[in-house]
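Good morning, and thank you for coming. I would ask you to look at the sequence and the structure together while I speak.

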Amino acid sequence: MSKKLTALALLLAASGVVQAEDGDLAAIRAQIDEMKKTYEQRIAALEQKLAQAEAKTAPTAAQPMPAVERAPAATSAASGFNPEVSLILQGQYRNMKQLDERGITGFVPAGGHDHGAGEIEDGSKRGFSVNHTELVLAANIDPYWRGQAILALIDGAVEVEEAWFQSLGLGQGIGLKGGRFRSGIGYLNEQHPHMWDFSDAPLMYQALFGTHGSYAQDGVQAKWLAPTELFVELGAEAGRGAAFPGTDRNGNGRGAAALFAHVGGDVGVAHNWRAGLSWLTTEARDRAAHFEGVAGDEVAGAFSGSSRTWIADFVWKWAPDGNPKYRNFKFQTEYFQRQEKGTLVVDDNPDAYRTRQSGWYAQGVYQFTPNWRAGLRYEQLDSGTRDFGSHAATVLVEDYRPKKASAMVDYSWSEFSRVRLQYAQDKSMLGITDHQITLQYVMSLGAHGAHKF
């Protein structure tokens, strides 16, 4: 306050209202002091009046606020629940060979015999189709928890893809999630189909987890983010384990467990990377499977035992000056190895069954304008070692390395609308080369959160 009064006095002096010579300085100082005292007294009086007014109007325990005054607050809280809603529209036209059954030679199909099951998920339906539609509901529950549900709408049926709650701000880099969720193993597994850079999941994910191309389960997940400059994330999961390669055992305790670790960082301004290592263990009980017999017939079997999977992933991204809006490039690759050990029952005859299989894919996608992208993907699997025991006399054991090469180009009007053209040479089935052409659209309506790295 004293600074403002001094400035005011100097302004008056400069404008001619106060004129003085060197000899009048003492008189001027006296006038300023008097003005300061006067204003300070007035301010103190106003502050006292304000305090008295607040004391009279504030509600007390003996005099609660009337109900008519509390009603607006209650109404506001009731209408404040406004979840984020989005709808993903994804469809395609696909031209490929007509086959009675589709599978990957040397790998057990998920869910037994694949008589067209999962056509919506893996895009194996020919011609026009609405192959994947998702309804997403998400909101903060309170300052401590967030929830999300993703419903897949498939030809008149509704499937709960995800329904989870997640902690907010537990501190110490700890995060918790519970419900049904996509596992944190690998790189592509947590991404939904509309986030993929190609119209279908790699052969690796189809072999590992079936036609859905991902692994999800009901359970709990814990993550820890290290307080370091280098990105370090550790995670663990325990769940029901009902999805392939496991089965629903309808028992107490966990049916599957997973561990994963991710590290990453920046290299200069234009480059960043992430690498990961994951492990999944699950159990199967009477998991149905159909094999080709040595006589060309069909042999049905049921597997009970353990399944162990290792996944290594690596992603590298580049954008000029760290700005991906106009140009950017992404390279990603993943490798897996799976071992299964247990008992295979064929024609009511049980015997030991062991497998060790592996596979990988690598892809690169280059965005050369704000709207256009192009990409290439190559993938290969190895049927590996398959020990059928005495069943080798009746079951045909194929030694094959499925392969597939894909090229795509897509155009995005915005981050919410995209159309993609893809060509693939598919050699995933022994003796068959399938030249596939896919024209796909992906449209996002409503709230659209940021995608993962």
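Among contacts in the protein between residues at least 6 apart in sequence, 62% join residues at least 24 apart, where contact means heavy atoms within 4.5 Å. This is a predicted model, in which local features need pLDDT of at least 70 and side-chain atom pairs count only at pLDDT 80 or more, while totals for chains, interfaces and linings use all residues. Residues are numbered from 1 along each chain as its sequence is written, and side-chain values use heavy atoms, with hydrogens and water left out.

The secondary structure comprises five helices and 16 strands; helices (H or I, at least four residues) and strands (E, at least two) are DSSP runs, numbered from the N terminus. Of the 453 residues, 39% count as buried. Here buried means under 20% relative accessible area, exposed over 50%, and partly exposed in between, with a 1.4 Å probe and protein chains only. The protein exposes about 24300 Å², and carbon and sulfur atoms supply 58% of that area. Accessible areas come from the Shrake-Rupley method with a 1.4 Å probe; for residues, only the protein chains shown count as cover.

Let me turn to the strands. Strand β9 (residues 271–292) runs antiparallel to strand β10 (residues 298–318), and 20 bridges join the two. Two strands are said to pair if DSSP finds at least two bridges between them. Within this pairing, Ala 289 of β9 stands opposite Gly 301 in β10. The hairpin of β9 and β10 has five residues between the strands, and there Gly 296 takes a positive phi near 85°. On to the next partner: β10 is joined to strand β11 (residues 328–346) by 18 bridges, again in the antiparallel sense. Ser 304 has Thr 343 in β11 as its bridge partner.

A further antiparallel series lies later in the chain, where strand β13 (residues 372–387) pairs with strand β14 (residues 403–414) over nine bridges. Leu 376 is matched there with Ala 407 in β14. Strand β14 is also joined to strand β15 (residues 417–427), antiparallel, by 11 bridges, and a hairpin of two residues connects them. Ser 412 stands opposite Arg 418 in β15.

Next, the charged side chains. Side chains of opposite charge can pair when their charged atoms come close. The whole structure contains 21 salt bridges, each being a side-chain nitrogen of Lys or Arg within 4 Å of a carboxyl oxygen of Asp or Glu.

Which residue forms a salt bridge with Arg 274? The partner is Asp 313, with the closest N and O atoms 3.2 Å apart. Arg 274 lies in strand β9 and Asp 313 in strand β10, so the pair ties together parts that are 39 residues apart in sequence. Arg 274 is buried, with a relative accessible area of 11%, and Asp 313 is buried at 4%.

A second salt bridge joins the side chains of Asp 200 and Arg 377 at 2.8 Å, N to O. This pair links distant parts of the chain: Asp 200 is in the loop between β5 and α5, Arg 377 is in strand β13, and they are 177 residues apart. Asp 200 counts as buried because its relative accessibility is 4%; Arg 377, at 3%, is likewise buried.

Beyond such pairs, a network of salt bridges links Asp 197, Lys 330, Arg 373, Asp 410, Arg 418 and Arg 420.

Finally, the surface. Ile 141, Tyr 144, Trp 145, Phe 165, Leu 170, Ile 174, Leu 176, Trp 224 and Leu 234 make a nonpolar surface patch of about 860 Å². Patches are made of residues with over 30% relative accessible area and no salt bridge, with like charges joined within 9 Å and nonpolar side chains (Val, Leu, Ile, Met, Phe, Trp, Tyr) within 5 Å. One of the patch residues, Ile 141, lies in strand β2 (residues 127–142). Because its relative accessibility is 53%, Ile 141 counts as exposed.

Is Ser 167 buried or exposed? Ser 167, in strand β4 (residues 157–167), is buried, at 10% relative accessibility. Leaving aside neighbours within four places in sequence, Ser 167 is in contact with Tyr 144, Trp 145, Ile 174, Gly 175 and Leu 176. A polar atom of the Ser 167 side chain lies 2.9 Å from the backbone nitrogen of Leu 176. Ser 167 and Arg 146, 21 residues apart in sequence, are 6.3 Å apart in space, C-alpha to C-alpha.

Methods:
Polar contact = N/O pair within 3.5 Å; in protein donor to acceptor, adjacent residues only side chain to side chain.
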